[in-house]
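Hi,

Here is the structure I said I would pass on. Have a look at it first, and then read on for what turned up when I went through it.

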Amino acid sequence: MARAIESGEIAGLLEAPRSASHLLVFAHGAGAGMRHAWMEAAAASLGEHGIASLRYEFPYMQRKSRRPDPPPLLQATVRAAVKAAAAAAPDLPLLAGGKSMGGRMTSQAAATEPLAGVKGLVFFGFPLHPAGKPSITRAAHLSRVTVPMLFLQGTRDTLADLELLRPVLAEIPLATLKVFEGADHMFHLLKSAGRSDADLLAEMSRTVAEWASGLQ
């Protein structure tokens, strides 16, 4: 069960199973907050695989606005969330990242200045470019991140053309790419895939746990 965290700077939900090996500071995407069904399902699945999570909300979402805050404020919120996570679970090594925009803002914050105590970054659908506008501009900062990065990407993700993302990440020694066949940006599968979205989420959570176990 999630426990509310109020640090004065952020509002968050902490899910920390006793068997947890790491704590993920888990940011939401641009259009939905920390209580979105996918975020809740992802946190639960991660917990089943030994990854605790602190979901939190950016200020615009707390204001119930649809327009994201400017990047400097989003990145400052990432740092505040990392600080709150370290205080809430001081014995757990930290990971940071998030869904779509939340992951991108985490990476930008880490590229500007390392996030204190964070051992690695995890991206659930890194938004390389807007839909229908292929570009690699949003990846320019990734080479400045100083900790390992795990990219979880679907083959049907219209916000990340894998033909563009693969060569970019191949040039970054700290980046690991895990591709999930048939998944879209929300990690939804077609019925023809032969397995459920929950099955996919479990595979993703196992991937995160196995990757995290190899971090120094």
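**The sheet and its middle**

Strand β3 is covered on both faces: His22, Leu24 and Phe26 are buried on one side, and Leu23, Val25 and Ala27 are buried on the other. Before going further, please keep in mind that this is a predicted model. With 6 of its 6 residues buried, β3 is largely enclosed by the rest of the structure.

What does β3 pair with? On one hand there is β4, which runs parallel to β3 and is joined to it by 6 bridges. If you want a spot to centre your view on, Val25 has Leu54 as its bridge partner in β4. On the other hand there is β5 (residues 94-99), which pairs with β3 (residues 22-27) in the parallel sense over 5 bridges. Here Leu24 has Leu95 as its bridge partner in β5.

Zooming out, these strands belong to an open sheet of 8 strands with mixed pairing, and the order is β1-β2-β4-β3-β5-β6-β7-β8. The edges are β1 (3-6) and β8 (175-180), each of which pairs on one side only. Ignoring direction, neighbouring strands in this sheet are turned by 20 degrees against each other on average.

**Helices on the sheet**

Helix α3 (residues 71-88) packs on the sheet and touches β1, β2 (11-15), β3, β4 (51-56), β5 and β6 (118-124). The direction of α3 makes about 135 degrees with that of β4. Helix α4 (residues 101-112) also packs on the sheet, with contacts to β3, β4, β5 and β6, and its direction makes about 135 degrees with that of β5.

How do α3 and α4 sit against each other? Their axes cross at roughly 85 degrees and come within 9 Å. That crossing angle makes α3 roughly perpendicular to α4. On the α3 side the contact is made by Pro71, Leu74, Gln75, Val78 and Arg79, and these meet Met101, Met105, Thr106, Gln108, Ala109 and Thr112 in α4. Sorted by class, that contact has 6 nonpolar, 4 polar and 1 charged residues.

**Another helix pair**

The other pair I looked at is α1 (residues 37-48) with α6 (residues 197-213), whose axes come within 9 Å and cross at roughly 50 degrees. The two helices are therefore oblique to each other, and α1 passes α6 in a right-handed crossing. From α1, the residues in the contact are Trp38, Ala41, Ala42, Ser45 and Leu46, and they meet Leu201, Ala202, Met204, Ser205 and Val208 in α6. By class, this contact has 8 nonpolar and 2 polar residues, with no charged ones.

**Some single residues**

Val118 is worth a click. This residue lies in strand β6 and is buried, at a relative accessible area of 8%. Leaving out residues up to four places away in sequence, Val118 touches Val82, Leu94, Leu95, Ala96 and Val147. Val118 and Val25 are 93 residues apart in sequence, while their C-alpha atoms are 9.1 Å apart in space.

Then look at the loop between α2 (59-62) and α3, where you will find Arg67. Arg67 is exposed, with a relative accessible area of 67%. From Arg67 to Ala131 there are 64 residues in sequence and 18 Å in space, C-alpha to C-alpha.

Lys64 is in the loop between α2 and α3 too. Although it is not a glycine, Lys64 has a positive phi of about 60 degrees. Lys64 counts as exposed, at 75% relative accessibility.

There is also Phe187, in the loop between β8 and α6. Phe187 is not a glycine either, yet it has a positive phi of about 55 degrees. Is Phe187 buried or exposed? At 3% relative accessibility, Phe187 counts as buried.

That is what I have for now. Shout if you want to go through any of it together.

Cheers

Definitions and conventions. Residues numbered from 1 in each chain as written. Predicted model: local features only at pLDDT ≥ 70, side-chain atom pairs only at ≥ 80, totals over all residues. Heavy atoms only, no water. Pairing = 2+ DSSP bridges. Helix = DSSP H or I, 4+ residues; strand = E, 2+ residues; numbered from the N terminus. Axes fitted to C-alpha atoms, helices over the stretch in contact; angles between N-to-C directions. Contact = heavy atoms within 4.5 Å. Parallel < 35°, antiparallel > 145°, perpendicular 65-115°, else oblique. Left-handed = near helix turned anticlockwise from the far one by under 90°. Nonpolar A, V, L, I, M, F, W, Y, C, P; charged D, E, K, R; others polar. Buried < 20%, exposed > 50% of the residue type's maximum accessible area, 1.4 Å probe, protein only.
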